[in-house]
Amino acid sequence: MRESKLRPLFAQLADECRADHHKAIGEMVAISDSPDPSNFIRWTVRSVHPHLEIPIEQHERLGGSGSAPCPGTLIAMALAACMDGTIRMIADSRGVELDSIHVEVVNRGDMRAIIGVADEVPEPADAGISMNIEVVPSPGQDRGKVARVLELSEASSAVLLMLRGGVPITTNASII
C-alpha cells in the first residue's frame, strides 16, 4: 500500500476547520451577463476565480446548434468531474490504487415545460440524471476496499449531494 498524498493535507485542513468553521466553506462564483437579451440562443458564463469564460448555447431541441454546451451539459460535466475527483481523493486517502476511472453522466431534461407544453405529464424515465462509473483497480488491490471507495464517493461527492437536494438555494431578483 502506498502512502497517501492527501491524508496529511486533509489532516491540516481538518485542524483549520475545527479552529475556524469559516475555513470549511469553499465558494465558487459564476456570472452570466447577457448584453444582448434578444439573442436567446447563445451567451457566455464566466467564473470569477479562476477566470474562465465559457460560451453557452441553448440545447439543440431549443434552437441551439450544438456548438457550445447548454446549461444541462454543464451540470452533467460538473457531476462527472466531481465524482471522478472524489473517487481519486478517497482512493488516495485509503491507500487504494486504481489504474483508471471512467464516469459517464447523462442528463435528460424534459423540454415540454420550457416550451409551454405542461399539460402532458412526463414519464418518469423521460427526465433525470444517470451516472455510470467504471474503475479498474491496480493489480493486487482488494475489491472490497475498491467497493468501499465507490460507496464513500457516492456519499460524499459535493455535486451529487447538491443535486440530490442537499443545498439550499436562495434567489434575489430585482428590476432596475
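**View 1. The order of elements along the chain: α-β-β-β-α-β-β-α-α from the N terminus on.** That makes four helices and five strands in the chain. Keep in mind throughout that this is a predicted model. Computed along its principal axes in the computed model, the C-alpha trace spans about 55 × 40 × 30 Å. The chain has a radius of gyration of 20 Å, while a compact globule of 176 residues would come in near 16 Å. Buried residues account for 22% of the 176 residues. The accessible surface adds up to about 12800 Å², and carbon and sulfur atoms own 57% of that. As for contacts with a separation of 6 or more, 50% of them join residues 24 or more positions apart.

**View 2. Helix 1 meets helix 2.** How do these two helices sit relative to each other, and at what angle? Their axes are 8 Å apart and the packing angle is about 100°. Angles of 65 to 115 degrees count as roughly perpendicular, so helix 1 and helix 2 are roughly perpendicular to each other. On the helix 1 side, look for Leu6, Arg7 and Phe10; on the helix 2 side, look for Met89, Asp92 and Ser93. Sorted by class, this contact has three nonpolar, one polar and two charged residues.

**View 3. Arg2, in the segment before helix 1 (6-19).** Is Arg2 buried, exposed or partly exposed? With a relative accessible area of 34%, Arg2 is partly exposed. Setting aside neighbours within four places in sequence, Arg2 is in contact with Asp92, Gly95, Val96 and Glu97. Asp92 also turns up in the contact between helix 1 and helix 2. For a sense of scale, pick His59: it sits 57 residues from Arg2 along the chain, and the two C-alpha atoms are separated by 45 Å.

**View 4. Helix 2 (residues 71-93) against helix 4 (residues 158-166).** Here the axes are 7 Å apart and the helices pack at an angle of about 135°. That value is not over 145, the cut-off for roughly antiparallel, so helix 2 and helix 4 are oblique to each other. Helix 2 brings Ile75, Ala78, Leu79, Cys82 and Met83 to the contact, and helix 4 brings Ala158, Val159, Leu160 and Leu163. What classes of residue make up this contact? Nine are nonpolar, with no polar and no charged ones.

**View 5. Helix 3 (residues 143-156) beside helix 4.** This pair packs at an angle of about 50°, with axes 6 Å apart. Roughly parallel would need an angle under 35 degrees and roughly perpendicular 65 to 115, so helix 3 and helix 4 count as oblique. Glu154, Ala155 and Ser156 of helix 3 make the contact with Ala158, Leu160, Leu161 and Arg164 of helix 4. By class, you'll find four nonpolar, one polar and two charged residues here. Ala158 and Leu160 are worth a second look, since they are also among the helix 4 residues that meet helix 2.

**View 6. Ala68, in the loop between strand 3 (52-57) and helix 2.** Is this loop residue, Ala68, buried or exposed? Buried means under 20% relative accessible area, and Ala68 comes in at 12%, so it is buried. Leaving out residues up to four places away in sequence, Ala68 touches Arg42, Pro55, Ile56 and Glu57. Gly140 is another matter: it lies 72 residues from Ala68 along the chain, with 42 Å between their C-alpha atoms.

**View 7. A cis peptide bond from His49 to Pro50.** Zoom in on the loop between strand 2 (42-47) and strand 3, where Pro50 is found. The bond from His49 to Pro50 has omega near 0°, which makes it cis. Most peptide bonds are trans.

**View 8. His102 in strand 4 (residues 98-108).** His102 counts as partly exposed, with 42% relative accessibility. Which residues does His102 touch, once those up to four places away in sequence are left out? They are Asn132, Ile133 and Glu134. Leu74 lies 28 residues from His102 along the chain, and their C-alpha atoms are separated by 18 Å.

Conventions: Residues numbered from 1 in each chain as written. Predicted model: local features only at pLDDT ≥ 70, side-chain atom pairs only at ≥ 80, totals over all residues. Heavy atoms only, no water. Axes fitted to C-alpha atoms, helices over the stretch in contact; angles between N-to-C directions. Contact = heavy atoms within 4.5 Å. Nonpolar A, V, L, I, M, F, W, Y, C, P; charged D, E, K, R; others polar. Rg over C-alpha atoms; globule rule 2.2 N^0.38 Å. Buried < 20%, exposed > 50% of the residue type's maximum accessible area, 1.4 Å probe, protein only. Areas by Shrake-Rupley, 256 points an atom, 1.4 Å probe, with all protein chains shown as cover.
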